[in-house]
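The following report walks through the strand arrangement, the cavities and one aromatic pair of the structure shown below. Please keep the sequence at hand while reading.

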Amino acid sequence: MLTQNLGYPRIGSQRELKRICENYWADKTGYKNVLQVGKNIRHENWQLQKSAGIDLIPSNDFSFYDHVLDHSLSFGAIPQRYNEVILKKGNSELDLYFAMARGYQKHGLDVVAMEMTKWFDTNYHYIVPEFYKDQPFKLFSTKIIDEFYEAKQIGITTKPVLIGPVSYLLLGKEKEAGFEKIDLIKNLLPVYLDILTRLTALDVEYVQFDEPFLTLDLSEKEKQAFDYAYKQIRKAFPRLKIILATYFEGLGNNLSLTTSLPVDVLHVDLVRAPLQLNEVLESLNEKTILSLGLVDGRNIWKNDFESSLKTINNAVEKIGSDRIWVSSSCSLIHAPVDLDNETNEKNLSAEVKQWLAFAKQKVDEIVILKKLATNENPASTLQKFEANKTAIANRKSSSLIHNSEVKQRVSALKPQDSDRLSEFSTRKIKQQVLNLPQYATTTIGSFPQTTEVRSWRAKFKNGTFSEEEYNTLIAEETAKAVKWQEEIDLDVLVHGEFERNDMVEYFGEQLDGFAFSKNGWVQSYGSRCVKPPIIFGDVSRPEAMTVKWTSYAQSLTERHMKGMLTGPVTILQWSFVRNDQPRSVTCKQIALAIRDEVCDLEKAGIKIIQIDEPAIREGLPLRKADWQEYLNWAVDAFKISASGVQDETQIHTHMCYSEFNDIIQNIADMDADVITIETSRSQMELLDAFADFKYPNEIGPGVYDIHSPRVPKREEMITLLKKAKAVIPSAQLWVNPDCGLKTRGWDETKKALIEMVEAAKEMRKTENVLAEENLIN
């Protein structure tokens, strides 16, 4: 029985990757320093796993920005617009790579970034490969080979991890008509064979192919592509040991296809889909090894050794211990790095901490489970087993978890609690009292969190600043932001959220039922890391959370100030959620807490309230057959949070980096008065779904990409607005950036928003001219 891990966090135990990359982008450090920090992180990760006793340690799971982008660079899938970046004097392969991820605006060049979207149903974002008809592929970057060799040089033989050829193609997007991306499999496969040839020359033994699409609904052509690809790989490399990794869902109706593929090891996720085990065991080829994904790679709860051991013993009984491996359910990039870094009980109590395991601890859990199953080192292993049972029992019986009042409030919900007083057509008329212009301008909520602002928060938390000193500084920063928004003539203002650390963490800190780590960072995209709250118990709101600062900002202006809240589904999705009750129940508890806040904002005179739900699409189950059950409770939770106000109060929501075509009816069912969405990277492509559906409410398509540091020209935004107007009536359109501006610098933010406001004014002028011409005619 062997142990394996599918992937390890690449941000570094102290977020070293974030700091070095951001310093490099700001021209504060050199290329060689970036490479050295990356090397240090890789070596630390490999040594940690080796010391823990992991038998098969991954390589190529490290990335400077995104592992999908790594593959695009390796395969030469580099869009033509980046050719000049390659040729510019002084640019390295790393500069090209970052240009693809973030855009490029130097040396007279202005190149937009590649599109970004969510990695399945996680909060991780990947860079979407771009495909063209008859596209050729060639080995461009040798990163996969280099990192295997690098590990070998320090005495560790790793298993290189590659996104499988079919899943890589399915992750991408066709950028021209007349073909299907899966048609490129015969063009792509020779690059895989080239990589494997180079790896086998270095005596590679195992290679892990990640094929998560085997857990999704597949077309017949896609199934044929799987069969073709793996038969070709096996034919070319008959002695190579192939690990086929699936995760995030069960194999379902792809089971027979998957078990027929000529691979040596099949990995299945038994955390997300525990019930698939018996079917997999029955269908498995008699020589194939089964890797059991028992240690949760996506949540932070301690593994229940007793339960996992039963699963292992069940599998061993049927096919023997020599054909069973123990593993994480998926890559651990979705987990924080190390629970040992949590030393402050103010953040995380000792009682809650004993229920948790971060990536480093999960690696240990994998090894302990194997030792328990094989009776290795019985004395020390048994001691750990007993400690685990004690922690699991403590969590089940803890008084911290249950609140009878919250449970009663959820059970008392009625259907009318999810409905606004009137339909949108009636509300729209009543909301004319807001006196907003056509193409009304606003932002998504946050303004840049400068180093100075973050330092104030840190000093306040560590006691260096008093509450009075901190509040004075935040008030001054808020006042400056309000004044500046008035000066550039934005129509609907925001207070800037300078008092907030994160759009989920800020609310979780003020809600009962939440706990927090101090260093539990997880990569969201690139250098962007988030620190998800931990929902361990029933959720309630002891007191108002946002009224103070929103009311203060409103007192500084005659213009409308938006109340800014995070929605219940997003708080759920972007937290580590308790696994001892249905997620739908936890979501309704959060919805009621947000509803209380919405009503308090209205009472305080706030007429426009935004409830962000960027994660609602992300939460969809991977199988379409399971969608409706989720959408029913997710949409209902949003409506519960939004429906306690009068018709005159305008409710906004925001969604980003998602495909909406297949859930557009459900988005309409949310019944927000205004929805703002990300559309600039896709050149307004996402609006087609809203147009085809004839979306009835108002919509703000993002007119510039905030995830790139480049400042867009006014003409670009006007072009995008004209595209929007071509499919959505102008009376329904708002003008806004793609997302919040927290991660951007003030200089680029100011320049971009000035151009955005002027673009909206140009559109108004055009509308007025057209209206006058129509009157004359």
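## Sheets, cavities and an aromatic pair

In this predicted model, eight strands form an open sheet with parallel pairing, and their order is β1-β12-β11-β10-β9-β8-β6-β2. The edges of this sheet are β1 (2-4) and β2 (58-59), each of which pairs on one side only. Within the sheet, strand β9 (residues 241-245) pairs with strand β10 (residues 265-269) in the parallel sense over three bridges, and A245 has H267 of β10 as its bridge partner. Helix α12 (residues 305-319) packs on the sheet, where α12 touches β11 (289-295) and β12 (324-328), and the direction of the helix makes about 170° with that of β11.

A further open sheet is built from six strands in the order β14-β19-β21-β22-β23-β24, again with parallel pairing. Here the edge strands are β14 (492-493) and β24 (698-701), and each of these pairs on one side only. Strand β23 (residues 674-677) is joined to β24 by four bridges, the two strands running parallel, and V674 stands opposite E698 in β24. Helix α23 (residues 583-603) packs on this sheet and touches β19, β21 (608-612) and β22 (650-655), while its direction makes about 170° with that of β19.

An antiparallel pairing is found between β16 and β17, which are linked over three bridges. One of the residues involved is Q523, whose bridge partner in β17 is C529. The hairpin of these strands has two residues between them, and in that hairpin G526 takes a positive phi near 50°.

Turning to the interior, a search of the whole structure finds five cavities of 30 Å³ or more. The table sets out the largest and the second largest.

| Cavity | Volume | Lining residues closest to the centre | Make-up of the lining |
|---|---|---|---|
| Largest | about 490 Å³ | M503, R528, W574, C739 and G740 | 14 nonpolar, eleven polar, six charged |
| Second largest | about 160 Å³ | R10, H67, V161, D210 and S331 | seven nonpolar, five polar, three charged |

Which elements contribute to the lining of the largest cavity? At least two residues of that lining are supplied by each of β16 (522-525), β17 (528-530) and β19 (560-566), and the largest share, three residues, comes from β19. Strand β19 is thus named both in the lining of the largest cavity and in the order of the six-stranded sheet, whereas β16 and β17 are the strands of the hairpin already described. The lining of the largest cavity has 31 residues in total, and that of the second largest cavity has 15. For the second largest cavity, α3 (67-74) and β6 (159-163) each supply at least two lining residues, and β6 also appears in the order of the eight-stranded sheet, between β8 and β2.

Finally, the same kind of whole-structure search finds 27 aromatic pairs. One of them is formed by F131 and Y168, whose ring centres lie 5.7 Å apart and whose planes stand at 75°, so the pair is edge-to-face. This pair links distant parts of the chain, since F131 lies in strand β5 (residues 130-131) and Y168 in helix α7 (residues 165-171), 37 residues apart.

Note on methods. Residues numbered from 1 in each chain as written. Predicted model: local features only at pLDDT ≥ 70, side-chain atom pairs only at ≥ 80, totals over all residues. Heavy atoms only, no water. 1 Å grid on protein atoms, 1.4 Å probe; cavity = no way out; pocket = protein on both sides within 12 Å on 5 of 7 lines; lining within 4 Å. Points joined across faces, edges and corners; volume = space filled by probe spheres on them. Nonpolar A, V, L, I, M, F, W, Y, C, P; charged D, E, K, R; others polar. Pairing = 2+ DSSP bridges. Contact = heavy atoms within 4.5 Å. Axes fitted to C-alpha atoms, helices over the stretch in contact; angles between N-to-C directions. Phe/Tyr/Trp six-rings, centres within 6.5 Å; stacked < 30°, edge-to-face > 60°.
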